[in-house]
Amino acid sequence: MTNGKMVAKNHKLSYELKAPERSPILKGKLKCKMTGKEDFEYKAPVESGKVKVLSMDVKGPFVRKRRDVVLEVKEGIVQPDTVQDVLMVSVLERFGKNGNKALAFASGWKLKKGAMASSAAPDDNNLVVMGANAEDMSIAANYLIEQGGGQVVVCDGEIKEFLPLPVGGIVTDLEPEEVAAREKRIDQAARDLGSDLPDPMMYMFFLPITAIPDYAITDAGPVDYVNLRCFDPILEVLK
């Protein structure tokens, strides 16, 4: 009861909520340029061969450790490796401030294919995208740009699951039960791609939080939390 009126009964609101008219500032436009697969290809200093890279290895939603992995280079591009559990992860600045774009390597998700992305990603709520191939990563990022924000799972060019977040790219007017159901479907879609994490999407969108040791990624680049600096994930070119 509030102000003498019944507003909720049996865990349900007893009146219909209607979304207010919102200013354009709150309508969730992502001010990113549309991407291509080349935006998610890590360029190597050699045309072919192998490189040792630092992959951010998730040990829980709030723990990322260093993992050194040797990856193939083909046509100047470092290749993600699902057999070794090494994916690409990217953060795109999406408020139209500087157009920053960062790429790094991540482990622990065990995706065998596809990609996922989120525009809800504390602390900065930039656009975060992770995947086993650049094509699906670009499709995931572009879909969220077109939709004005949300969370999405993509595989072989097809949208598998999507949660719209049209308010600032981080909030929805959907009922809590519907949001919870969609989040479960999103995580299941990630598991269908191979992940065995309890919350694959959440683990991903926490990656930009730089206060979590030992590593993070922001639009400015991958971050070494301990040494308080951005770093190049390519540690060494191997002969």
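Let's start with strands 14 and 15 of this predicted model: strand 14, residues 221-224, pairs with strand 15 in the antiparallel sense over two bridges. If you want a residue to look at, take Asp224, whose bridge partner in strand 15 is Arg229. Step back a little and you'll see that the two strands belong to an open sheet of three, ordered 13-14-15 with antiparallel pairing. Strand 13 and strand 15 (229-230) are the edge strands here, each pairing on one side only.

The loop between strand 14 and strand 15 holds Leu228. Leu228 isn't a glycine, yet it has a positive phi of about 55 degrees. With a relative accessible area of 73%, Leu228 counts as exposed. There's a similar story towards the start of the chain, in the loop between strand 1 (8-9) and strand 2 (12-13), where His11 sits. Phi of His11 is near 70 degrees, again a positive value in a residue other than glycine. His11 is exposed too, at a relative accessible area of 82%.

While we're on the backbone, have a look at two cis peptide bonds. One joins Pro213 and Asp214, with omega about 0 degrees. Asp214 belongs to the loop between helix 3 and strand 13. Another cis peptide bond joins Pro122 and Asp123, and there omega is about 10 degrees. You'll find Asp123 in the loop between strand 9 (115-118) and strand 10.

Now for the inside. Which residues touch the most other members of the largest nonpolar core? This core has 38 residues, and the answer is Val89, Trp109, Met116, Met130 and Ile217. Quite a list of elements gives two or more residues to the core: strand 4, strand 7 (87-92), strand 8, strand 10 (127-131), strand 11 (150-155), helix 2 (176-192), helix 3 and strand 13. Strand 13, then, is both an edge strand of the three-stranded sheet and a contributor to this core.

Val89 makes a good place to stand and look around. Leaving out residues up to four places away in sequence, Val89 touches a run of neighbours that includes Ala102, Leu103, Ala104, Phe105 and Ala106. Val128, Val129 and Met130 are also among the residues it touches, as are Met56, Leu207 and Ile217. Met137 is another of its contacts. Apart from the largest core lies another one, of 30 residues, and Met137 is among its members, along with Leu30, Val78 and Ala140.

Not every buried residue is nonpolar, though. Asp57 lies in strand 4, and it's buried, with a relative accessible area of 11%. What does Asp57 touch, not counting residues up to four places away in sequence? Its contacts are Val63, Arg64, Lys65, Arg67, Ser107 and Gly108.

Next come the aromatic rings, which form five pairs in the structure. Tyr42 and Phe105 make a tilted pair, 5.3 Å centre to centre with 40 degrees between the planes. Tyr42 comes from strand 3 (residues 42-43) and Phe105 from strand 8 (residues 101-107), so this pair ties together parts that are 63 residues apart in sequence. Both Tyr42 and Phe105 are buried.

Phe62 and Phe206 pair up in another way: their rings are stacked, 5.3 Å centre to centre with 25 degrees between the planes. This pair links distant parts of the chain, 144 residues apart. Phe62 is in the loop between strand 4 (49-60) and strand 5 (63-74), while Phe206 is in the loop between helix 3 (200-205) and strand 13 (215-218). Phe206 is buried, at a relative accessible area of 13%. Add Phe205, and ring pairs link Phe62, Phe205 and Phe206 into a cluster.

Finally, how many disulfides does a search of the whole structure find? Zero. Cys32 is in no disulfide, and the nearest cysteine sulfur, that of Cys230, is 18 Å away. Why no bond for Cys230? Its closest cysteine sulfur, in Cys32, is 18 Å from its own, so the two are too far apart for a bond. Their surroundings contrast as well: Cys32 is buried, with a relative accessible area of 14%, whereas Cys230 is partly exposed, at 44%.

Methods
Residues are numbered from 1 along each chain as its sequence is written. This is a predicted model: local features need pLDDT of at least 70, side-chain atom pairs count only at pLDDT 80 or more; totals for chains, interfaces and linings use all residues. Side-chain values use heavy atoms; hydrogens and water are left out. Rings of Phe, Tyr and Trp (its six-membered ring) pair if their centres lie within 6.5 Å; planes under 30 degrees apart count as stacked, over 60 as edge-to-face and the rest as tilted. Helices (H or I, at least four residues) and strands (E, at least two) are DSSP runs, numbered from the N terminus. Buried means under 20% relative accessible area, exposed over 50%, partly exposed in between (1.4 Å probe, protein chains only). A disulfide is a pair of cysteine sulfur atoms within 2.5 Å. A nonpolar core is a set of buried Ala, Val, Leu, Ile, Met, Phe, Trp, Tyr and Cys residues joined through side-chain atoms within 4.5 Å. Contact means heavy atoms within 4.5 Å. Two strands pair if DSSP finds at least two bridges between them.
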